[in-house]
Amino acid sequence: MDCPDAPALADFYQRLLGWEVKFHEPDWVLLRPSEGGTGLSFQSEAAYVPPVWPERAGEQQKMLHLDIRVDDLDEAGAYAVALGATLAEFQPQDDVRVFFDPAGHPFCLFLH
């Protein structure tokens with residue numbers, strides 16, 4: 001994930017997901033779940049422009065979209081906000097909450 005500060009954004013997702021830092025350089029961080037599987041990489045990019053949500057033609061589009069399954073939307077949402085996420089104004093579904101991470105990438109919490 002491109003962002004202005006890779007260590008800071010990796011720290012947010014490490015705390016949100018409970019994943020481990022597997023590799024760390026000043027401008028690049030890799031997180032993976034302790035049980036293995038696909039991870040997330042974060043790269044500092046000076047020219048990073050956050051996407052617009054909801055998407056609009058001619059404006060920066062999202063580069064990825066994370067869906068994170070939770071047991072309780074209110075509890076998980078409050079935790080995400082306490083870590084630095086922002087609740088999006090536009091919410092398209094009742095059983096999903098759209099948030100922005102500290103770098104402006106949208107992600108969703110959804111009930112399983």
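Me: Which exposed residues does H2 carry on the face turned away from its buried side?
Reply: In this predicted model, helix H2 covers residues 73-83, and a residue is called exposed when its relative accessible area is over 50%. On the face turned away from the buried side of H2, the residues that are exposed are Asp74, Glu75 and Ala82.

Me: Why are the buried residues of H2 on the same side of the helix?
Reply: The buried residues in H2 are Leu73, Ala76, Gly77, Ala80 and Leu83. They are on the same side of H2 because, around the axis, they cover an arc of only 120°.

Me: What covers the buried residues of H2, and at about what angle does H2 run to E8?
Reply: The cover over the buried residues of H2 includes helix H1 (6-17), together with E5, E7 and E8. H2 lies across the strands E5, E7 (96-100) and E8, and its angle to E8 is about 155°.

Me: Which residue caps the N-terminal end of H2, and at what distance?
Reply: The cap involves the backbone nitrogen of aspartate 74, and a side-chain oxygen is what lies opposite that nitrogen in the contact. The oxygen belongs to aspartate 72, and the distance is 3.0 Å.

Me: What phi does glycine 84 take?
Reply: Glycine 84 comes just after H2, whose residues are 73-83. Its phi is positive, with a value of about 125°.

Me: Which strands stand at the edges of the open sheet of four strands?
Reply: The order of the four strands in this open sheet is E5-E8-E7-E6, with mixed pairing. A strand at the edge has a single partner strand, so one side of it is left without a neighbour in the sheet. The strands in that position are E5 (66-70) and E6 (86-87).

Me: How many bridges join E5 to E8, and which residue in E8 is the bridge partner of arginine 69?
Reply: Strand E8 comprises residues 106-111 and runs parallel to E5, with five bridges joining the two. For arginine 69, the bridge partner in E8 is phenylalanine 110.

Me: How many residues stand between E2 and E3 in their hairpin?
Reply: Strand E2 (residues 20-25) and strand E3 (residues 28-32) run antiparallel and are joined by five bridges, and histidine 24 stands opposite valine 29 in E3. The two strands form a hairpin, and the number of residues between them is two.

Me: Which residues of E4 are on its covered face, and which are on the uncovered one?
Reply: In a regular strand, side chains alternate between the two faces of the sheet. E4 spans residues 40-44 and is joined to E3 by four bridges in an antiparallel arrangement; in E4, leucine 40 is the bridge partner of leucine 31, while phenylalanine 42 stands opposite valine 29. The uncovered face of E4 has Ser41 and Gln43, and the covered face has Leu40, Phe42 and Ser44.

Me: Which residue in E4 stands opposite cysteine 3?
Reply: Strand E1 (residues 2-3) pairs with E4 in the parallel sense, over two bridges. Opposite cysteine 3, in E4, stands serine 44.

Me: What is the radius of gyration of the protein?
Reply: The protein has two helices and eight strands. For 112 residues the globule rule gives 13 Å, and the value for this protein is close to that, so it is as compact as a globular protein of that length. The radius of gyration is 14 Å.

Notes:
Residues numbered from 1 in each chain as written. Predicted model: local features only at pLDDT ≥ 70, side-chain atom pairs only at ≥ 80, totals over all residues. Heavy atoms only, no water. Pairing = 2+ DSSP bridges. Contact = heavy atoms within 4.5 Å. Axes fitted to C-alpha atoms, helices over the stretch in contact; angles between N-to-C directions. Buried < 20%, exposed > 50% of the residue type's maximum accessible area, 1.4 Å probe, protein only. Arc of directions from axis to C-beta. Polar contact = N/O pair within 3.5 Å; in protein donor to acceptor, adjacent residues only side chain to side chain. Rg over C-alpha atoms; globule rule 2.2 N^0.38 Å.
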